[in-house]
Every structure is written in structure tokens, then in C-alpha cells.
Amino acid sequence: MSRSPITPEPIYPDRPASLRAWVDVDLGAVRRNADRLRARAGVPIVAMVKADAYGLGMVPIARALGADFGEAADAARAPNAPWALGIATLHEAAELRRHGCVARVLCTTPLTVHDVPEAQALQVRPALHDSATIGAWLAMQGGPWHLAIDTGMARAGVRWDGIAALRETLHDARHVNPPEGVFTHFHSAEVDDGSLAVQDARFEQAVAAIRDLLPEGVLVHSDNSAAIAVGGASNARRRHLARPGIGLYGANVLPSLPLEQVVRVCARVIDVRDMQSGESVSYNATWQADSPRRIATVALGYADGYRRALSNRGVALVHGVRVPVVGNVTMDMTMLDVTGLGAACVVGDVATFVGRDGLDVLRTDAVAATGAISMYELLVGLRLRAPRFYVDTPSVGTAGDASGATNDPPSSEARP
Ligand SMILES: *Cc1c(COP(=O)(O)O)cnc(C)c1O
């Protein structure tokens with residue numbers, strides 16, 4: 001299949017007619033997003049592949065990013081490979097290792113003493129934050145580890161203002177196994193509320209308070225996707241690594257860093273019916289036709305991760321045209337008002353609920369905004385039922401999407 005240079009449509013092969021709903025994941029776009037995030041951060045990245053790479057498939061994503069799986073193919077991508085893969089559970093680390101991944105793996109949720117032997121066996125770099133666990137890790141000669149510092153998230157890490165309590169432990173560690181890294185996590189980097197500067201200052205203060213106990217080349221890191229997007233921050237703030245997650249997967253956390261759409265969520269039209277004025281669609285009859293309408297039923301529902309919050313709000317692309325979701329999204333099916341398409345919409349057609357169809361694109365962040373849901377939850381939910389397919393598109397030479405499309409519903413369609 002060839003592509004005209006002015007058509008930014010990724011190469012999606014046709015799927016068998018028997019396939020009702022599926023998720024296409026563009027690995028080339030993930031790789032280019034990683035490049036953009038790394039360039040903006042100015043430092044190597046820890047690619048956050050936790051939660052099955054935000055629902056998109058941890059092992060294929062890790063491979064696409066060039067993480068070391070001990071294969072010759074990895075070598076070509078090695079120069080741009082992430083410094084480490086970031087995970088949240090030891091189960092995730094085990095899956096990576098089972099697939100032959102020999103890359104550095106950083107677990108950013110703190111270990112408890114119970115997890116120490118398994119983490120060591122899996123050669124995970126754990127986040128540690130209390131004397132007991134650090135002591136257990138040192139006693140086991142557990143290998144490299146990172147010290148987690150809480151600067152306001154109040155979830156994990158030693159409190160920035162209580163770090164003096166760890167001095168004795170860090171002193172013990174100093175000559176045997178000092179932390180390889182020190183990190184914190186921002187709670188609202190995507191919001192311009194001043195909290196990032198506050199957390200930043202607390203982090204600097206905490207690191208300074210233990211500086212004499214840290215090795216010369218300790219890796220200081222803090223930035224998630226939004227903090228990276230805020231701009232060149234890692235350089236200015238002397239960070240050594242950055243930890244993007246959602247940005248890799250193509251959600252624009254901030255307009256200042258346009259990223260490429262990665263996912264495409266598709267399903268087939270399985271029924272088309274004509275309705276009369278005054279008739280309702282779906283559970284609780286939340287939508288009524290105000291004129292004769294043609295309604296398509298599509299084989300995608302909230303059991304596939306197309307969230308119920310998108311009822312009467314979402315938009316799908318059919319033959320490249322935006323059509324509105326009508327009525328409540330159900331577990332297995334969603335209805336679209338395809339009146340505007342006339343006879344062009346038939347059973348077997350593909351409706352795109354997230355991602356590109358033709359020249360138009362429903363961006364992940366825009367779809368989430370339409371449903372007033374978290375774009376993180378939208379992505380992670382795609383793991384529920386629909387099978388995933390991987391494509392690897394070449395660069396289209398532009399960041400983001402050329403169409404600049406928004407996610408507004410089509411004005412020509414009747415809305416309740
Ligand atoms: C999930 C996570 C990240 C990635 O955050 P994004 O907002 O997805 O970029 C970074 N650091 C830690 C500690 C995390 O838990």
C-alpha cells in the first residue's frame with residue numbers, strides 16, 4: 001500500500017469482516033512521541049509501561065521503543081532506547097522478564113519488605129522510602145534502587161520535611177549500596193496552579209538535605225509527561241531522567257507539546273434501522289428522535305472500554321464523516337445517528353470512535369474531554385475486551401495531526 005505525501009492517514013490494513021471491534025496501536029507513533037518527549041526533556045527517559053502500557057500492550061510497546069530483549073533487532077533502535085522501563089507491580093516486571101526483556105526496570109510504587117526477595121530475583125530497581133525496606137534491601141544486597149520522596153502527592157515516598165529521619169539509613173547504605181536515583185512525582189503538572197514550583201522547591205530542599213550521603217552521579221528525576229511539556233524543565237532543574245507515560249500513548253496533556261495519535265478504536269456497524277419522530281434509543285430512553293432518523297448499531301460498548309459517559313456526547317467517524325452517539329452506550333453496542341450519510345451507511349461498515357479515519361481524527365484527549373472522563377482511564381479501559389493490532393507507520397513529517405480536528409459533534413445533526 002502506498003501513501004500520498006499529503007495524506008497523513010496511517011496504513012491500517014483491512015480487518016476481516018468477522019472482526020467486530022478492535023484497537024489499532026501505531027507503534028511508529030509511540031516511538032516518535034518518545035523522541036519528542038525526550039527532546040523536550042533534554043534527558044533520557046524512563047518509559048512508563050505500567051498497566052500494560054496504559055492498556056496498549058506492555059511487551060509490544062517496550063520492544064517498539066527499542067528496550068533490550070537480547071535480540072539483534074534491538075540494536076538498531078538502541079541509541080534511542082529508554083534508559084529504563086517504568087512499571088508499578090512486580091507482576092509486570094515478571095511479564096517483561098518472561099518475554100526475555102533484559103532492560104533496566106524501575107518499579108515506581110514502593111516495595112514493602114514482603115516484596116524484597118521477588119524484586120531482587122526479577123532484577124527490578126525498586127522505589128524505596130522507609131528504613132525497614134531499605135534495610136531489608138541492603139541486607140539482601142538487592143542491587144540498584146531509587147529513593148522516593150513525597151513532595152505533596154501524599155501517596156508514596158518519604159516526606160520532604162521528614163527526610164532527616166532517613167539519614168542514618170542512608171549513611172549505612174553509603175558505602176555498600178547508595179541509591180542510584182532520587183525522585184519525586186508531581187500531582188498537577190498539567191495545571192498552571194503554582195503547585196509544580198512548590199513541589200519542585202520541596203524536592204530540591206530534600207535532596208540538598210541528604211546530598212552528602214548521595215553518590216556523585218545520583219540520578220535525580222521528577223517529570224511526568226505534563227511536567228516535560230511545561231518545558232525544558234529537566235535541563236533547567238538539573239534532572240537526569242524524565243518519566244513520561246501518557247504522552248507516549250499520544251494524549252496531548254498540554255497543547256505546548258503536540259504528540260501523535262497512537263490508538264484507533266474501531267467497530268463494525270451491525271444494524272441500520274429507520275426511526276420515526278418521537279421514538280427513543282437505548283436504555284432509559286435518554287434520546288428521542290425529533291424527526292425521522294436513521295440509526296446504526298455498532299458492536300462496541302463499555303465492555304470494550306467505550307465509556308458510558310460518552311452517551312449522547314460521543315462522536316464517531318463513518319466514511320470519514322462525524323456522526324453523533326445517540327442514547328446511552330450499552331455494554332456491547334452503541335448507536336449512532338447516521339441520517340446524514342443516507343444510504344451510504346450499511347451493515348459491515350467500520351465506525352471509528354477514537355483515532356483517525358480518512359483526514360479526520362478523534363484524538364484520545366479530545367474524546368476523554370467530550371465524555372468528561374480521564375484520558376488515562378479511557379486508554380487503560382481499552383484493554384477490556386477488544387483485540388489489539390499493531391501497525392508501525394513511518395513518520396509523516398509533522399508533529400501532531402495535520403487536520404487540527406477537534407472533537408465537536410457535527411452541527412448538521414439533530415441533537416437532543
Ligand atoms: C504513572 C507515573 C508516571 C507517568 O505519568 P504520566 O502522567 O502518564 O506521564 C511517572 N511517574 C510515576 C511515579 C508514575 O506513577
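The lining of the largest pocket mixes 13 nonpolar, nine polar and five charged residues. Here Ala, Val, Leu, Ile, Met, Phe, Trp, Tyr, Cys and Pro count as nonpolar, Asp, Glu, Lys and Arg as charged, and the others, Gly among them, as polar. This is a predicted model, where local features need pLDDT of at least 70 and side-chain atom pairs pLDDT 80 or more, while totals for chains, interfaces and linings use all residues. Numbering runs from 1 along each chain as its sequence is written, and side-chain values use heavy atoms, without hydrogens or water.

**The pocket**
- Of its 27 lining residues, K50, T108, M153, R155 and H185 lie nearest the centre of the largest pocket.
- A pocket here is an open set of points on a 1 Å grid over the protein atoms alone, where a 1.4 Å probe fits, with protein on both sides within 12 Å along at least five of seven lines; lining residues have an atom within 4 Å of a point.

**The ligand**
- What occupies the largest pocket? The ligand does; sitting there takes more than half of a molecule's atoms within 2 Å of the grid points.
- Around the ligand are 13 residues, with K50, Y54, S225, I246 and Y376 the closest; being near takes a heavy atom within 4 Å.
- That shell splits into five nonpolar, five polar and three charged residues.

**Atom pairs**
- Y54 has a polar side-chain atom 2.5 Å from a ligand oxygen atom.
- In the side chain of S225, an N or O atom is 2.6 Å from an oxygen atom of the ligand.

Conventions
Polar contact = N/O pair within 3.5 Å; in protein donor to acceptor, adjacent residues only side chain to side chain.
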